[in-house]
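User: Could you take a close look at one part of this model for me? I would like a connected account of how its charged side chains sit relative to the strands around them.

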Amino acid sequence: MHRQPETHNFGATLQFGTVSAVDAAKHAVRVNIPALDNLQTDWLPVLTQAAGGNRFYCLPDPGALAVCLLDAQGESGVVLGTVYNDSDPTPADSPDLHVLQYANGTRIEHDRRTGNVLVKTAGTVTIDADCVVQKTLTVNGLLTYTAGMAGSGGGANAAAITGSLHATGDITAGGISLQNHTHGGDSGGTTTEPR
């Protein structure tokens, strides 16, 4: 029986190497493979969790230890991900933590045991959406608002403030102005501005 020559080579190898270059626009890297005489691969796409309608974007840094699946010639393939090592240790040591730790110090952390979520950054967190807080909101720093404030509350007090309240404008309660109210009866006349 005459056999047809093989037209495909399905051989592949799992290789470890160091990321040497990053193409941010194509989500690809080049990797130096020590086991292949320090061969530098061609541009390899980096495996991602989603790349269709939903998209996930995260690239390894140069120097990261990459795990590659390469073809038989070591020329083409894909980077499956990166792995922790002595130079790049894990950012946590608990199976209950899910952590995103960035080189600039920003950390996003979820503890599935307690349910706590931590967002820590030296930058600014911007939320471009309407937000609903179903439970208590505690602000330990200065609370600043720029487009006014409106609210309502239950119980005897819609708002309770412990400490002094300073206002540069008038304060109106029940339709009566604090600065421009008048007194009837024996006192008569207009009150002076509050001091």
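Analyst: Happy to, starting with R113: this residue is exposed, with a relative accessible area of 62%. Please keep in mind that the model is predicted. The side chain of R113 meets that of D111 in a salt bridge, at 3.7 Å from N to O. The partner sits in another setting: D111 is buried, at a relative accessible area of 13%. Buried here stands for under 20% relative accessible area and exposed for over 50%, so R113 at 62% falls in the exposed class and D111 at 13% in the buried one.

D111 leads us into strand β8, which covers residues 107–111. The covered face of β8 holds R107, E109 and D111, while I108 and H110 make up the uncovered one. Notice that the covered face carries charged residues, and two of them pair up: the side chains of R107 and E109 form a salt bridge of 2.8 Å, N to O. R107 counts as buried, at 16% relative accessibility, and E109 is buried as well, with a relative accessible area of 18%. As general background, side chains of opposite charge can pair when their charged atoms come close.

Now for the strands on either side. β8 belongs to an open sheet of three strands in the order β7-β8-β9, with antiparallel pairing. The edges are β7 (97–101) and β9 (117–120), each of which pairs on one side only. Averaged over the sheet and with direction ignored, neighbouring strands are turned by 5° against each other.

On the β7 side, five bridges join β7 to β8. Here R107 comes up again, since Q101 stands opposite R107 in β8. The hairpin of β7 and β8 has five residues between its strands, and G105 takes a positive phi near 100° there.

On the β9 side, four bridges join β8 to β9, and these two strands also run antiparallel. The residues of the uncovered face of β8 both have places in this pairing: I108 stands opposite V119, and H110 has V117 as its bridge partner. The hairpin of β8 and β9 likewise has five residues between the strands, with G115 at a positive phi near 85°.

That loop brings us to one more charged pair. In total the structure holds three salt bridges, and the one still to describe joins the side chains of D96 and R112 at 3.0 Å, N to O. D96 lies in the loop between β6 (77–82) and β7, whereas R112 lies in the loop between β8 and β9, so this pair ties together parts that are 16 residues apart in sequence. D96 counts as partly exposed at 23% relative accessibility, and R112 is exposed, with a relative accessible area of 56%.

For a contrast in chemistry, look at the largest nonpolar core, which has twelve residues, among them V19, I33, L44, C68 and V79. The elements that give two or more residues to this core are β2 (28–33) and β5 (65–71). One core member, I33, is in contact with C68 and L70, and also with residues including Q15, F16 and T41, once its neighbours within four places in sequence are left aside. In soluble globular proteins, nonpolar side chains tend to be buried together.

Terms used
Residues numbered from 1 in each chain as written. Predicted model: local features only at pLDDT ≥ 70, side-chain atom pairs only at ≥ 80, totals over all residues. Heavy atoms only, no water. Core = buried A, V, L, I, M, F, W, Y, C linked by side-chain atoms within 4.5 Å. Buried < 20%, exposed > 50% of the residue type's maximum accessible area, 1.4 Å probe, protein only. Contact = heavy atoms within 4.5 Å. Pairing = 2+ DSSP bridges. Axes fitted to C-alpha atoms, helices over the stretch in contact; angles between N-to-C directions. Salt bridge = Lys/Arg side-chain N within 4 Å of Asp/Glu carboxyl O.
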